[in-house]
Amino acid sequence: REQAGKHCMDEALLPVKRDVRRAFERAAKTYDEAAVLQREVCTRLLEHLDPIRLAPRRALDLGCGTGHAFDALAKRFPAAAIVGIDIAPAMLARARSRSRWWQRMLGARQPALVCADAERLPLANASVELVFSNLALQWCEPSRVFAEAARTLTAEGLILFSTFGPDTLRELRAAFAEADGAPHVNRFVDMHDLGDALVHAGFADPVMEMERITLEYDSVLAVARDLKAIG
């Protein structure tokens, strides 16, 4: 498990960052309409904060996309400065337009938006108390993200994230396997390996949970259309 903790994913299987950025640049306009699953997972992830006593001065939304979680984080932590980081400028542009005009007129604090890679955060050591990340980890090498999160978090800070497990899109993977055997579907890391990687990065008492959510489609084409719309 130690080796798995150091290297969660084979380098050859990692998504190419320029391709990831390009995909989300293209999907920025269609993302919110199609991201039904992402919103549901985000709601469930935020509920995990209910029993946790935390009053962050700065909260980082890592892989913030179009900023769907901003309002919920601001409502939960009204004194916190929220920083949104994403690799795609077009997604950040959508996030910037999310704020209401009257909020801008009244000078309400807006999230600070930064275009950056989650594996190389442009943040100072021990500068945030909360790292929140909803369904972004699968686009990265998890151990590198955890190392950066550990560096930027304060000693008593918290990382709360969601990601997809190995069973995700298994039906689509099986269908492609019958066709040509090429890796058309992303590979996803087992949660036990993620837990090992968290410990290796220096996090204490990691808690991992698994939930299964089933989306039903009428056709493979409909699945492909949704996947394209969310990048």
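Accessible areas here come from the Shrake-Rupley method with a 1.4 Å probe. On that footing, the protein exposes about 13,400 Å², and carbon and sulfur atoms supply 54% of that area. Keep in mind as you rotate things around that this is a predicted model.

Let's start with the overall build. The secondary structure comes to 10 helices and five strands. Along the principal axes, the C-alpha atoms fill a box of roughly 55 × 45 × 30 Å. How does the radius of gyration square with a compact globule? For 231 residues, such a globule would come out near 17 Å, and the protein has 18 Å, which agrees. Buried residues account for 42% of the 231 residues. The contacts reach far along the chain, too: take those between residues at least 6 apart in sequence, and 77% of them join residues at least 24 apart.

Now zoom in on helix 3, which runs over residues 36–47. Its 12 residues reach 17 Å from the first C-alpha to the last, close to the 16 Å expected at 1.5 Å a residue. Which of its residues are buried? They are Leu-37, Gln-38, Val-41, Cys-42, Leu-45 and Leu-46. Looking down the axis of helix 3, these buried residues fall within an arc of 165 degrees, so they line one face of the helix. The numbering pattern fits a simple piece of geometry. An α-helix has 3.6 residues a turn, so residues three or four places apart point the same way. And what does the buried set of helix 3 pack against? Its partners are helix 2 (17–34), helix 4 (70–76), strand 4 (128–134) and strand 5 (153–162).

Next stop is helix 7 (residues 142–152), where you'll find Glu-148. Is Glu-148 buried or exposed? Its relative accessibility is 13%, and the cut-off for buried is under 20%, so Glu-148 counts as buried. Its side chain makes a polar contact with the side chain of Arg-151, at 2.9 Å. Leaving aside residues up to four places away in sequence, Glu-148 also touches Ala-118, Glu-119, Arg-120 and Leu-121.

Phe-203 sits in a loop, the one between helix 9 (191–201) and helix 10 (220–229). Loop or not, Phe-203 counts as buried because its relative accessibility is 15%. Again setting aside residues up to four places away, Phe-203 touches Phe-146, Ala-149, Ala-150, Leu-153, Ile-159 and Leu-198. How far is Phe-203 from Val-223 in sequence and in space? The two are 20 residues apart in sequence and 37 Å apart in space, C-alpha to C-alpha.

Finally, a couple of backbone details to check on your Ramachandran plot. Most residues other than glycine have a negative phi. Ala-126, though not a glycine, has a positive phi of about 50 degrees. Ala-126 lies in the loop between strand 3 (112–115) and strand 4, and is partly exposed, with a relative accessible area of 43%. Leu-169 is another non-glycine with a positive phi, at about 60 degrees. You'll find Leu-169 in the loop between strand 5 and helix 8 (170–179). With a relative accessible area of 28%, Leu-169 is partly exposed.

Technical notes. Residues numbered from 1 in each chain as written. Predicted model: local features only at pLDDT ≥ 70, side-chain atom pairs only at ≥ 80, totals over all residues. Heavy atoms only, no water. Helix = DSSP H or I, 4+ residues; strand = E, 2+ residues; numbered from the N terminus. Expected span 1.5 Å × (residues − 1). Buried < 20%, exposed > 50% of the residue type's maximum accessible area, 1.4 Å probe, protein only. Arc of directions from axis to C-beta. Contact = heavy atoms within 4.5 Å. Rg over C-alpha atoms; globule rule 2.2 N^0.38 Å. Polar contact = N/O pair within 3.5 Å; in protein donor to acceptor, adjacent residues only side chain to side chain.
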